[in-house]
Each structure stands twice: as C-alpha cells, then as structure tokens.
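Please work through the exercises below with the sequence and the 3D structure at hand, and try each task before reading its solution.

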Amino acid sequence: MTEIFRRGEKMMTYIPILLAVLLGSQGQAKVADSDAVKLLQKYVQINTVTTSDLTKAVDFWKQLAAEDNLPISVHEYTPGYPVVIIKWAGTDDSLDSIMLNSHMDVVPAAMSDGWTYDPFSGHLDTNGDIYGRGTQDMKSVSIQYYMALRRLKANNIPLLRNVYMTLMPDEELGAENGMIPFLKSQEFLDMNVGLELDEGTSYPIPFIPVFYQDKVVWQIRVDCYGISAHGSTFPTTDSTATGKCNNVINRFFQFRDEQYALYGKAAQDNAGGYTSINLNRINAGTADNVIPSHVSLVFDMRLGNTVDTEEFDATLHKWISEAGENITLTYILKNQQSPATYTNTTTPYWTAITTAAASAGVIVAPILPPGSTDARHVRNAGYPAYGVSPMPSTELLLHSVNERLNKNTFTKGISFYEKVIKNLANVPGSATAQNPVAYLYKTAE
Ligand SMILES: [Zn+2]
C-alpha cells in the first residue's frame, strides 16, 4: 500500500501543472466550503449508532480515499467493529507521525426525543445550522481533518511527517472494541505515532478548549443480599437487602455531597479537582408483597485527577464492608488513571498548535474536562494526546436533542485544522523527543 502511494506521490510532484489543467474547476470544487458542508451532511445521513453496522461509513471513507488516491486499510479487532486508517504520507518516513483520530459511532437519536428535523438528515436550516447526530460529536471533526488535508495537498504544502487519519468504532461505549485493541495492534505500532489529536468540545464563548487529560471512568455494581420474606413480616432493617443498600447509598451520598462542594469551588477549566458520582441504576423486587432478597445498585464515577486509585479502591471496599454483611462490589469499568500531556513551550507539538491558533485568530487554552474520550487510552499507552474540536461560541449539544453546528463555525474549523496540521506535520525531527512518553506527566500515583 505504502509503496503504491509513494509512487503516486512522486508522480504528483512531477505533474502538478498538468493535474491542475486536468482537474480545472473540478479540482477547486473539491476543497470548497460548500462541498465540505455537503460532505458532512452525507456523513451524518449514515446512521452509525454505536451497535449498528458501520459498513456504509467505511464505504464512505473508502470512496473519499479513492478519490484522493490515498492508501486506506480497514481492520477488525472485534468482528463487526471496523477501524479505518487513511495515510497522508510525509516526506520523512523516519519521523514520528501525527495521528488525527475521530470516532465513527454516535449515540442514539430519534425524532420522538423531540428533534425538529430527522437526526440522520443533516438538514441545513436558514440560519446555516446543520442538524444531526454527530454534527458536534464528532463527524464534523472527521470531515474537517479530511478537508484540511485535501486543501494542504491542493495547495502543494508539503508534510514532513506522516499524517494518519484513524476512524474508530465503539468510542461511545468505552472503546473495548475500538481504540483499546487498536493500541495493542501491529498496525498502530507501524504508524510510529508521536502525537494524537482527538475530540474536544463545543464552548459557548469565543474560545477553543484543548483537553490535555481526561478523567478516569469507574462504574461499579453493588449487590446487597438479605432475608426474603412475606411483606407482612418485620425483620431488622440491617438484615434486609434494602436496609443494607440504604446504608451503602447513605455513605456514598455523603461522599457525593463532599465532592459536590469541591465541584462548586472548582475553576471552570479544571474538572480534575473533584470526583463526580451518580447512582444510575437501582434494581430490586419481584412482587409488591415480598421483601426482596437482592438489591443491585450501579454507580458511575469520574475520578479527580489526583485521586490515588489504589487508595480509593480500598476506601470503596471499606464503605461496603461497613454497610453490612453479604454485600458485594463488582467493577463494571475500572480505567487506569491517565497521565496528562504537557501544555507548555517545551512541548513542540503544543507550540505548533498555539502558533496555528494565533495565526487563525482563535483563542485556545488547556482544559481538564469532566468527561472522557478515546484520548485517555492513547495517553495510557504512552503517547501524548490533545482533544480539540474547533466549535467556539457554540451551544454544547453533544449527545443532546437537536445537536447541530453552524456551517460558518464548521468551515472556519477547516481553516483552523489546515494551520494546525501543517504546523504539527512540519515540526522538525530535531525538535522532538526520542520517546513521545517524554511529553506526559502523572498527576496521581
Ligand atoms: Zn465523541
């Protein structure tokens, strides 16, 4: 694949004039803003709700790659969950590459939720808003990456480093079938990644946040077992499953209140200072007149970035044992605390991004978000990663009803990425560390 592409590249450098003549206005049209909007609409129209068949999305990328004569490969680490890699070759294959990641999957959406337009229509209204699931999270970014790279190529701007676009499945459900196995694959190793870009978020003010660390997700199930009897009997509270779970809930909610107080004091740009915790499922009972023998609780937690995970695990077990006998704790999800990527001028990738932003006339600043993205897995694997989605002055509608993005914000984002990718791909080899892990630091032990 690579070889074929290199040959193609050489040809391209010899005949740019001929190509320009051949393509004419068609070549220009391929990088026009209106075409980018149409492409986003087309991509949104492909329903890629996490568990659905992604074949059409893969075909969409295959067709684009064919149009631009780019090597594309598709890998399934879990059957039915394709990972797509598209390569834009740089001139120095020996240097660490830039990985532009996005996920193909989206969270569910239906008209019955209250959408004004079909969430899979990509409807463009008279205000210039493009409606649809994925317009913010994060099909817009995939198209922006692609159009930015297309423009760089059309303008004959060389890339020193290889640039890879990777398109993941299964991000929304935790990446067990996407990013996690991909990071362990030979294909990933072969890419020789130096930096990964991933998703960020929209922001209501004229500002683009850059995520440098994600919070760790822990989900636990607590099962309480106790006496089951007729509803007319009257056992002691602590012998019943509901009584025991009540103790668990009280202890966890005491912790929740403490953390909520920290959340109230936390700076807007730092969600790392507190641990969020929510009781999201309660299951119990077989009949109205039977004391249930089993109650099950599910808590979702996003750990603060200085939380010592071993200590916190021990604390959870202590609270469970204090709540009574025959209570079990099971981890549904227990991510490792992810390191952070440096955001200072000693990191040439950071400088490349901030310089690009300044020349595009936009403000960027580092933020630690309350949620998490695929980038946490990348950092855990030892590679620096930044999360950025250029959607300033935009209502936060990720996962929401009427998710939409204004076409002007969308097309400005293409220009932003054009500058960012150009800078990142041209960071000289002498400027970067031997091992990209040098750009990571731990915030908790
Ligand atoms: Zn996302």
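The exercises that follow deal with an annotated set of residues and its surroundings.

The model is predicted, so local features need pLDDT of at least 70 and side-chain atom pairs count only at pLDDT 80 or more, while totals for chains, interfaces and linings use all residues. Residues are numbered from 1 along each chain as its sequence is written, and side-chain values use heavy atoms, without hydrogens and water.

**Exercise 1.** Find the residues that the UniProt annotation "binding site" covers, and describe their spacing.

Solution. According to the unreviewed UniProt entry, the annotation covers Asp137, Glu172 and His399; such annotations may be inferred rather than shown by experiment. They are spread over 263 residues of sequence, yet they cluster in space, with a largest C-alpha distance of 10.0 Å.

**Exercise 2.** Locate Glu172 and decide whether Glu172 is buried or exposed.

Solution. Glu172 sits in the loop between strand S5 (163-168) and helix H6 (179-183), where strands (E, at least two residues) and helices (H or I, at least four) are DSSP runs numbered from the N terminus. Glu172 counts as buried because its relative accessibility is 19%, and buried means under 20% relative accessible area, exposed over 50%, and partly exposed in between (1.4 Å probe, protein chains only).

**Exercise 3.** Do the same for His399, and find the polar contact that joins its side chain to Asp137.

Solution. His399 lies in the loop between strand S16 (385-387) and strand S17 (404-406), and at 42% relative accessibility His399 counts as partly exposed. The side chains of His399 and Asp137 are joined by a polar contact of 2.8 Å, that is, a pair of N or O atoms within 3.5 Å, of which, within protein, one must be able to donate a hydrogen and the other to accept it, and residues adjacent in sequence count only if both atoms are side-chain atoms.
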